[in-house]
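Here are two short exercises to work through with the model open beside you. Take each one step by step, then compare with the solution.

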Amino acid sequence: MRAALQEARSARGHDDVPIGAVVVDPAGSIIGRGHNEREARGDPTAHAEVLALREASVVQGSWRLSGCTLVVTLEPCTMCAGAAVLARVERLVYGAVDPKAGAVGSLWDVVRDPRLNHRPAVVGGVLAEECGELLRAFFGPHRGLPG
């Protein structure tokens, strides 16, 4: 999660929401990294998780990331939760809960839907306070609140 937090901090340089993600292979090596780049790329799909999964797929030489863990600082949205399922990650670890758009138990539970053919294990709340603080610090000034 510390590596994902470092990625999240990278998003601040281009006014993107500070969310970071890493993909860890079964040996414990980081094979994919990403932070939100929607503003920087002008791409609505440039979420941290999608970028990290894309990089990991290139490194692995396959879209199947079996045995890998996706670690992200904020509970994934429906698109990113779906991408984790489609990539066949073994485990999804996230920090802060997203009550407005979370799709790993908050608003929806895409990753545990029994109708899907793959369901990663989920670990939530890892360094949640630190992950949440990074988001609060970003959104405070954007909403006219003290940062």
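Helix 3 and helix 4 are roughly parallel to each other (an angle under 35 degrees; over 145 is roughly antiparallel, 65 to 115 roughly perpendicular and the rest oblique). This is a predicted model, in which local features need pLDDT of at least 70, side-chain atom pairs count only at pLDDT 80 or more, and totals for chains, interfaces and linings use all residues. Residues are numbered from 1 along each chain as its sequence is written, and side-chain values use heavy atoms, with hydrogens and water left out.

**Exercise 1.** Describe how helix 3 and helix 4 pack.

Step 1: helix 3 covers residues 48-60 and helix 4 residues 78-86; helices are DSSP runs of H or I with at least four residues, numbered from the N terminus.

Step 2: their axes lie 9 Å apart at an angle of about 25°. Axes are lines fitted to C-alpha atoms over the stretch in contact, with angles from 0 to 180 degrees between N-to-C directions.

Step 3: Glu49, Val50 and Leu53 of helix 3 meet Met79, Cys80, Ala83 and Ala84 of helix 4, contact meaning heavy atoms within 4.5 Å. These contact residues comprise 6 nonpolar, no polar and 1 charged.

**Exercise 2.** Find the partners of Val23 in strand 2 and strand 3.

Step 1: strand 1 runs antiparallel to strand 2 (residues 30-35), joined by 5 bridges; there, Val23 stands opposite Gly32. Strands are DSSP runs of E with at least two residues, and two strands pair if DSSP finds at least two bridges.

Step 2: strand 1 also pairs antiparallel with strand 3 (residues 69-74) over 4 bridges, where Leu70 is the bridge partner of Val23.

Note on methods. Ala, Val, Leu, Ile, Met, Phe, Trp, Tyr, Cys and Pro count as nonpolar, Asp, Glu, Lys and Arg as charged, and the others, Gly among them, as polar.
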